[in-house]
2 protein chains.
Amino acid sequence: MRSCKVLVDGRRQITGFYFVDDIFGVEPGLAHRLSAEATRATRAVAYLQPGSAGGLSRLDDRLSRDAITSAVTDLGRSHEHAILLGRKTAIEKVASFLLDTAERMRSDTFELPMSRLDIADHLGTTIETVSRIMAKLARDGVITLQNGRRAIALRNKAALCRLQES
Amino acid sequence: MRSCKVLVDGRRQITGFYFVDDIFGVEPGLAHRLSAEATRATRAVAYLQPGSAGGLSRLDDRLSRDAITSAVTDLGRSHEHAILLGRKTAIEKVASFLLDTAERMRSDTFELPMSRLDIADHLGTTIETVSRIMAKLARDGVITLQNGRRAIALRNKAALCRLQES
DNA sequence: CGCATCATTGAGCTCGCTCAACCGTCGTGG
DNA sequence: CCACGACGGTTGAGCGAGCTCAATGATGCG
């Protein structure tokens, strides 16, 4: 799943991706200010805030506890994402993204579950830039691309870490 | 207060500013991954996680509840900040920043509590760009600058809203 | 007064965006 | 079975928003 915000003129920012068993959508207040969409066929379970005025009630039960943990985890990720968006160069953004994705997929070889457009809108760049940089990384032997370019294998994580700069 | 992350080479991203009575510093796990600094003389109160393994324990007491609320509020702000960093132009960033600050200060006339460098590092730009854009906004009569350029008065909020694009 | 710090302003350059063409894959219908 | 179009991805060329470098101005402090 991706959760995103869009500006009136259509510019889009994907605030985060969610993988299996991730919890998402915890927001302050009643109104949801961002939307979540599936990037592919997905099964999701909805937990609705019980009737009470929509505040953070019933903190004592297990679900609320998980929701809070997820919000705090998300917050940490958001902070990491902020420095990526605000201060990293295009190549550093892609390197960070690949390392982060590999970690969340628990494998150095994986199929990206999202399109280049989704990646670009997550990293605050364009599809062309993502494409060019992935091509360069492949040329340099740092990664391998296959099969419609969605399948990725990290060949040299040390080099990626060096590129990511953080 | 400002909370920020820095890359190895010194590039800095300020993830957020905190004003009077704001709670900050809620983070996943034991290790703090970002640092908080005062932008001027400040009195802060520290709440230490009670001995227990550092998880989100004792959810039932008042303080934890406030901490959770602050984390969720921060998360919402982070998402707003992400689209600013990733998708807005320099002038839109500054317009958003001014409107947001006015709202948090509850006044259209205020003294900025942080330097241009802090603003730039928050918006993912440079001091020069911030300076140039503020000058332009003043030239256009949208804002007024005085007194060492820290004092700001919003003269035309409608115009700022139009500039901010969200 | 001199120095340090913060902010402004100018000039030139660069990274990444825009625009555009092209390629490969897939699914659909004749 | 193949032609076709749609879609996602790649690649090239040129351009411009914003960065870098540099000089100057304003303010405050010892």
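What follows walks through the predicted two-chain model, from the fold of chain A to the interface, the cores, the salt bridges and one loop residue.

A word on conventions: residues are numbered from 1 along each chain as its sequence is written, and chains are lettered from A, with ligands numbered from 1, in the order in which they are written. Since this is a predicted model, local features need pLDDT of at least 70 and side-chain atom pairs count only at pLDDT 80 or more, while totals for chains, interfaces and linings use all residues; side-chain values use heavy atoms, with hydrogens and water left out.

Chain A carries 5 helices and 6 strands (DSSP runs numbered from the N terminus, with helices being H or I of at least four residues and strands E of at least two). Read along the sequence, the order in chain A is β-β-β-α-α-β-α-α-β-β-α. Its C-alpha trace spans about 55 × 35 × 30 Å along the principal axes. Of the 166 residues in chain A, 44% are buried (under 20% relative accessible area, with exposed meaning over 50% and partly exposed in between, using a 1.4 Å probe and protein chains only). Among contacts in chain A with a separation of 6 or more, 58% link residues 24 or more positions apart (contact means heavy atoms within 4.5 Å).

Now for the interface. In chain B, 41 residues are in contact with 41 residues of chain A. The two chains bury about 3,700 Å² between them, 67% of it on carbon and sulfur atoms (buried area is the accessible area, 1.4 Å probe, that two parts lose on being put together, summed over both). On the chain B side, Arg11(B), His79(B) and Arg87(B) lose the most area to chain A, together 19% of what that side buries. There are also 14 residue pairs in polar contact across the interface, both partners at pLDDT 80 or more (a pair of N or O atoms within 3.5 Å; within protein, one must be able to donate a hydrogen and the other to accept it, and residues adjacent in sequence count only if both atoms are side-chain atoms). The elements of chain B that give two or more residues to this surface are strand 1 (2–6), strand 2 (12–17), helix 1 (62–87) and helix 3 (116–123). Helix 1 of chain B supplies the largest share, 17 residues. By type, the chain B side divides into 16 nonpolar, 12 polar and 13 charged residues (Ala, Val, Leu, Ile, Met, Phe, Trp, Tyr, Cys and Pro count as nonpolar, Asp, Glu, Lys and Arg as charged, and the others, Gly among them, as polar).

In soluble globular proteins, nonpolar side chains tend to be buried together. Here, the largest nonpolar core has 60 residues, of which Leu98(A) and Leu98(B) touch the most other members (a core is a set of buried Ala, Val, Leu, Ile, Met, Phe, Trp, Tyr and Cys residues joined through side-chain atoms within 4.5 Å). Not counting residues up to four places away in sequence, Leu98(B) touches Phe110(B), Met134(B), Leu137(B), Ile143(B), Ile152(B), Leu154(B) and Leu160(B). A second, separate core of 8 residues includes Ile68(A), Val72(A), Ala71(B) and Leu75(B).

As for charges, the whole structure holds 22 salt bridges (a side-chain nitrogen of Lys or Arg within 4 Å of a carboxyl oxygen of Asp or Glu), and the count between chain B and chain A is 6. One pair is Arg11(A) with Glu92(B), the closest N and O atoms being 2.9 Å apart. This pair crosses between chains, from the loop between strand 1 (2–6) and strand 2 (12–17) of chain A to helix 2 (residues 90–105) of chain B. Glu92(B) counts as buried because its relative accessibility is 8%. Within chain A, Asp140(A) pairs with Lys136(A), also in a salt bridge, at 2.9 Å. Asp140(A) is partly exposed at 46% relative accessibility, and Lys136(A) is partly exposed at 35%. In chain B, the side chains of Asp9(B) and Arg11(B) meet in a salt bridge at 3.0 Å, N to O. A network of salt bridges links Arg2(A), Arg12(A), Glu37(A), Asp118(A), Asp121(A) and Arg87(B).

Finally, Thr39(B) sits in the loop between strand 3 (35–37) and helix 1 of chain B. At 24% relative accessibility, Thr39(B) counts as partly exposed. Leaving aside neighbours within four places in sequence, Thr39(B) is in contact with Met1(B), Arg2(B), Pro113(B), Met114(B) and Asp118(B). A polar atom of the Thr39(B) side chain lies 2.8 Å from the backbone oxygen of Pro113(B).
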